[in-house]
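Let's take a walk through this protein, starting with the empty space inside it and then turning to the strands and helices. Keep the viewer open as you read.

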Amino acid sequence: EILEKADCGGAVSSLLKFALESERVDAVLAVKPRDGNRYEGVPALIVDPEEVINTAGALHCVSPNIARCLKEYLDGAFDVKVAVTCRPCDARAIIELTKRNQIEMENLILVGLNCTGTLHPVTAKQMLREEFGVDPDDVIREDIEDGKLTIRLKDGTEIGKDLAELEEKGYGRRENCRRCDIGIPRMTDIACGKWGTNGRKATFIEVCSQKGSDFIEKAIQVGAINVERPDSEAVEIREGKDREAI
């Protein structure tokens, strides 16, 4: 079920589910669509492993402040262990708040997500109507890769547009996202994404800390995820995608 709903292999959702089932964390902090609307998203604090699937899949038009959620609504995670999904900007903010003793990093597992930028929901809907000629409610997936914004409709149709041209017209990504030069969040415990999977429905995972290594090893041991070592070509493709995005 996770594999079917996920955009690239379901490893992130499976790992979050494992983190709860194994009691490595007390909760998962992730993002889910509000009432099934992919243009509106809310942070979700999950304690039931079976509810993790509600956060599966990418939401490019949703950008909640995860670091603020940790600091203000979870009291900096000083009294609770949390697995957190985070884009590069989320991870950097969490690290800065940790330096200021406002978040307890020792209680966190940071699950990083590759990111090429997010779209403002209002602007995205307007763009879909005027540039793509589609009803925003018919879009079930969007992707930013190879200099293109590609959408997929309910009937399986895919439409791609040049991202630079869209942004020249005032559409496309948020301005801060256009300035960001970090696509792979290697400051997290594990960095996950599809770059390097060569079109397979799989997840490329980089282990970036000892905590991340321990986490992945335990997940493999119990069969929460199936893994294989990427070959040198896959690694180079991943690096190339990152350079291209920057």
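The largest cavity has a volume of about 850 Å³. Bear in mind that this is a predicted model, so every value here is computed from predicted coordinates. Which residues sit closest to the centre of that cavity? They are Gly-57, Ala-58, Leu-59, Leu-113 and Asn-114, out of 39 residues that line the space. If you'd like to color the lining by chemistry, you'll get 19 nonpolar residues, 13 polar ones and seven charged ones.

Where does that lining come from? Helix α2 (11-21) supplies at least two of its residues, and so does each of the strands β1, β3, β5 (139-145) and β8 (190-193).

There's another hole to look at, since the count comes to two cavities of 30 Å³ or more. The second largest cavity has a volume of about 50 Å³. Its lining is made up of Tyr-39, Cys-61, Leu-119, Ala-124, Met-127, Leu-128, Val-139, Glu-142, Leu-149 and Ile-151. By class, that's nine nonpolar residues, one charged and no polar. Which element gives the most to this lining? Helix α5 does, with three residues. At least two residues each come from α5 (121-132), β5 and β6 (148-153). Strand β5 is worth selecting in your viewer, as it also supplies at least two residues to the lining of the largest cavity.

Now for the sheet. Six strands make up an open sheet with mixed pairing, and if you step across it you'll meet them in the order β2-β1-β3-β4-β8-β9. At the edges are β2 (37-46) and β9 (204-207), each of which pairs on one side only. From one strand to the next, the twist averages 25 degrees. Three strands of this sheet, β1, β3 and β8, are ones you've already met in the lining of the largest cavity.

Zoom in on the β2 end of the sheet. Strand β1 (residues 27-34) runs antiparallel to β2, and seven bridges join the two. To find your place in this pair, look for Pro-33, which stands opposite Gly-41 in β2.

Finally, move along to β3 and β4, which are neighbours in the strand order. What lies across them? Helix α4 (residues 88-99) does, crossing β3 (82-86) and β4 (108-113) and running at about 130 degrees to β3.

Conventions: Residues are numbered from 1 along each chain as its sequence is written. This is a predicted model: local features need pLDDT of at least 70, side-chain atom pairs count only at pLDDT 80 or more; totals for chains, interfaces and linings use all residues. Side-chain values use heavy atoms; hydrogens and water are left out. Two strands pair if DSSP finds at least two bridges between them. Helices (H or I, at least four residues) and strands (E, at least two) are DSSP runs, numbered from the N terminus. Axes are lines fitted to C-alpha atoms, for helices over the stretch in contact, and angles run from 0 to 180 degrees between N-to-C directions. Contact means heavy atoms within 4.5 Å. On a 1 Å grid over the protein atoms alone, a cavity is a set of points where a 1.4 Å probe fits but cannot get out, and a pocket is an open set with protein on both sides within 12 Å along at least five of seven lines; lining residues have an atom within 4 Å of a point. Grid points are joined across faces, edges and corners, and a volume is the space filled by probe spheres set on the points. Ala, Val, Leu, Ile, Met, Phe, Trp, Tyr, Cys and Pro count as nonpolar, Asp, Glu, Lys and Arg as charged, and the others, Gly among them, as polar.
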